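Hi there,

Here is the structure I promised to pass on. Please have a look at it first, and then read on for my notes.

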Protein chains: 2
Amino acid sequence: MSATHEERMARLALSCVVEPGDLQLAQLLETYCVEEIWERLRQDGPPGAWRNRAHALNLEHVTQQAQKAAARFVIPGDAQWPAALGDLAAADPVRDWGGTPLGLWVKGNGALGPMTRDAVSVVGARAASPYGERVAAELAGAAAERGCCVVSGAAYGIDAAAHRGALASQGSTVAVVAGGVDEAYPRAHRRLLDDIAESGCIVSEVRVGEHPTRRRFLVRNRLIAALSAGTVIVEASLRSGARNTASWATACGRVVMAVPGPVTSATSVTPHRLIREGEATLVTCIDDVLELIHPLGEVMPQRERRGRLLDSLSDQAKAVFEALPLRGGRDAGEISLRAGMPLPEVMAALVGLADAGWARPLSDGRWGLGPTSDRPVAEADTASYPESGRSLGEQAGF
Amino acid sequence: MSATHEERMARLALSCVVEPGDLQLAQLLETYCVEEIWERLRQDGPPGAWRNRAHALNLEHVTQQAQKAAARFVIPGDAQWPAALGDLAAADPVRDWGGTPLGLWVKGNGALGPMTRDAVSVVGARAASPYGERVAAELAGAAAERGCCVVSGAAYGIDAAAHRGALASQGSTVAVVAGGVDEAYPRAHRRLLDDIAESGCIVSEVRVGEHPTRRRFLVRNRLIAALSAGTVIVEASLRSGARNTASWATACGRVVMAVPGPVTSATSVTPHRLIREGEATLVTCIDDVLELIHPLGEVMPQRERRGRLLDSLSDQAKAVFEALPLRGGRDAGEISLRAGMPLPEVMAALVGLADAGWARPLSDGRWGLGPTSDRPVAEADTASYPESGRSLGEQAGF
């Protein structure tokens, strides 16, 4: 089921006021809903940075910037919302940060929810060796060829090599960034980020125009970990942020993997240490990775989660899903005919399927498969809000 | 306590007649002593290869060859006998072979028993990469600097690199070979083997003059595994014999370690697989190795064994051991004075200490520390048999 408009606006506003990963907010959310928290903060919240920022917040400006950058705000309940992020709610904090994001700013033509189902994240050193970059690119390319989406940051070194490897194999990738989705950080990756957005997504917890900070990088790592079934660390020196991503992956119950390298290489120190200490499993190729994230016959957290998703569909929903066309759209009447179900039930099932990312309404009123829609997802979602020409600020009553 | 002359001769003769690792013999030894088995075989054994070989055996020739090659035959109960080999008795067979050796042919100036206490074996591919040879040499060199003896085969590649690395760091090594200790196999390693014998040992289960066979290589691997507290596999391709050594090490309750390398390297396939499958622990340097074979505060099989050895010493034996000089020798009277013990008790303790490798009688009648004797061990041991100018054959009554 979709979130209410009020909830959407409260999440958007709160996310502009509270730094990502704030555990105080996560604690408040255990008792109060986002609308309550935002309303209280906006009107008579306790003095402090949050209230000051809340009072200074110009939501209209935020949404204008977002529209200009073609960024959409995705929240829990949206078809594009990755269900896997829910695992962050129960994950232990890392460095006193954690929690589920209030929402995600997404830019790009990819459908974030379906893309990140069973994705693999490939992360590692900025100052990677030619060996590391080659392995990252080949691993990501092979993942793409198997239809497995690659998630990473957008840094120099392993991150960039992973995106490039997947893109070169006609795959689409998700770049989770620490600044706004319009920020090219580093600047030299402007074109790479454009390429990523062309078929995949750029994702951030902070609004368009915001700059990355050290904290935001570290808190961003939890999204990379949670948005994938497993994290592969290709190269990382002793004090690399990749260790932090590994900690998040462990906290989320994800598979942590590491690629070995020459023992003479400083950038293989962290992968070797993680493997040696049993915190990561050694992987050398995509088969090793897929075997771990989709084990046959063995129940792994990720597999459980997938199982739950499929099992959660009723027989009726499954029948409707089967009646969707592989390409293009089909109108609800025809789906009703094919599924042998009355139209109202078909409509209810379609809405449920759309929420889970299995189906999506097309702009012409017909319905298509979620992950293989025949037109860019971004248009549909951006078009669905702001509604009726009013700015987000106006809608929220500002 | 030392073995009887009859047992020594029976072991020597049997080892010339039965192929190493024969489980039938191991089974017989559970019921009969070696003297019984040999006597029965020599006189009226059941027809077959063993009896045929027993009847054809010319022990005089065997011992003449051994003397010429400066090889000594070491058996359980000798000071030089490595107590660790006892673990082979309980080890599960690998490829239907196994068991404790009847004796070992040893060539070289090293004291095998003390040398192999807490040794580390370094094994791997014949067709090693320059990376693998460099890592093996550095690891063995670092082991030698820490006073840790290196055990390996004598093959091209990792074996040779390990010996060379240790020798270059003034360490002494043990080469366990599949043919006779005088065989240079490969021939190009004649000089390397001479260098090994200079300060360490060349060890074999088969008599001087025998050639290596495929079976002998595989059965030899159990000695490499058992003679060290842990085995490090540096490089090995998919079908390398190093996997066999790893299996033996596991069967003997030893620590199995593997050095990672580039995932693009065929010679790192087996180390990576062993690590990935939990059969080996990843190591990158000598500190990693020593931490595993001498863990602090954790009881490991090897540590237990060492503990047993030390604990097996009585308080009196410990007092005598403390009274031994760090260098050179001390006569029993002076040791008696220093230990504050009567001479007969000191003598009994010294014999016990010599059996366990902690002390050794010097040629001038004085006693020294076992592993740090002031003259080559080989002289003392070779001199102790054959006795009184008679050949071994004569002594055995042939």
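Let me start with a single residue: in which strand is the place of Ser152(B)? The answer is β4 of chain B, the strand made of residues 150-152. Before going further, please keep in mind that this is a predicted model.

**Around Ser152(B)**

Is Ser152(B) buried or exposed? With a relative accessibility of 0%, Ser152(B) falls under the 20% limit and therefore counts as buried. Its side chain makes a polar contact of 3.2 Å with the side chain of Asp159(B). If you set aside the neighbours within four places in sequence, the residues in contact with Ser152(B) are Val122(B), Val123(B), Asp159(B), His163(B), Val174(B), Ala175(B), Val176(B) and Ile224(B). Asp159(B) thus appears both in that contact list and as the polar partner of Ser152(B).

Three members of the list, Val174(B), Ala175(B) and Val176(B), bring us to strand β5 of chain B, residues 173-176. β4(B) pairs with β5(B) in the parallel sense, over three bridges, and Val151(B) stands opposite Val174(B). From β5(B), Thr173(B) and Ala175(B) point one way while Val174(B) and Val176(B) point the other way. All four of these residues are buried.

**Strand β6 in chain A**

Over in chain A, which strands are joined to β6(A) by three bridges? One is β2(A), residues 104-107, which runs antiparallel to β6(A). The other is β5(A), residues 173-176, which runs parallel to β6(A). On the β2(A) side, Val106(A) has Val203(A) as its bridge partner; on the β5(A) side, Val174(A) stands opposite Cys201(A).

Strand β6(A) itself spans residues 201-204 and is covered on both faces. Cys201(A) and Val203(A) are buried on one side, and Ile202(A) and Ser204(A) are buried on the other.

For the wider setting, chain A holds 19 helices and eleven strands. Of its 398 residues, 58% count as buried. Take the contacts in chain A between residues at least 6 apart in sequence: 74% of them join residues at least 24 apart.

**Where the two chains meet**

How many residues does each chain give to the contact? Chain A gives 19 residues and chain B gives 19 residues. The area buried between the chains is about 1,500 Å², with 66% of it coming from carbon and sulfur atoms. Within the share that chain A buries against chain B, Val263(A), Arg276(A) and Leu282(A) supply 43%, more than any other three residues.

On the polar side, the rule finds four salt bridges across the interface. One of them links Asp288(A) to Arg276(B), with the closest N and O atoms 3.4 Å apart. There are also six residue pairs in polar contact across the interface, with both residues at pLDDT 80 or more.

Which elements give two or more residues to the side of chain A that touches chain B? They are α7 (130-145), α12 (269-276), β9 (281-282) and α13 (286-293) of chain A. By residue type, that side of chain A divides into ten nonpolar, five polar and four charged residues.

**Backbone points to check**

A few backbone angles may interest you. Most residues other than glycine have a negative phi, and most peptide bonds are trans.

Which residues are joined by a cis peptide bond in chain A? They are Tyr185(A) and Pro186(A), with omega about 0°. Pro186(A) is in the loop between β5 and α9 (190-199) of chain A. In chain B, a cis peptide bond joins Tyr185(B) and Pro186(B), with omega about -5°, and Pro186(B) lies in the loop between β5 and α9 (190-199) of chain B.

Two residues of chain A have a positive phi without being glycine: Asp118(A), at about 65°, and Gln170(A), near 60°. Asp118(A) is in the loop between α6 (112-116) and β3 (120-123), and Gln170(A) is in the loop between α8 (158-168) and β5. Asp118(A) counts as buried because its relative accessibility is 13%, whereas Gln170(A) is exposed, with a relative accessible area of 72%.

Happy browsing, and best wishes!

Terms used: Residues are numbered from 1 along each chain as its sequence is written. Chains are lettered from A and ligands numbered from 1 in the order in which they are written. This is a predicted model: local features need pLDDT of at least 70, side-chain atom pairs count only at pLDDT 80 or more; totals for chains, interfaces and linings use all residues. Side-chain values use heavy atoms; hydrogens and water are left out. Contact means heavy atoms within 4.5 Å. Buried area is the accessible area (1.4 Å probe) that two parts lose on being put together, summed over both. A salt bridge is a side-chain nitrogen of Lys or Arg within 4 Å of a carboxyl oxygen of Asp or Glu. A polar contact is a pair of N or O atoms within 3.5 Å; within protein, one must be able to donate a hydrogen and the other to accept it, and residues adjacent in sequence count only if both atoms are side-chain atoms. Helices (H or I, at least four residues) and strands (E, at least two) are DSSP runs, numbered from the N terminus. Ala, Val, Leu, Ile, Met, Phe, Trp, Tyr, Cys and Pro count as nonpolar, Asp, Glu, Lys and Arg as charged, and the others, Gly among them, as polar. Buried means under 20% relative accessible area, exposed over 50%, partly exposed in between (1.4 Å probe, protein chains only). Two strands pair if DSSP finds at least two bridges between them.
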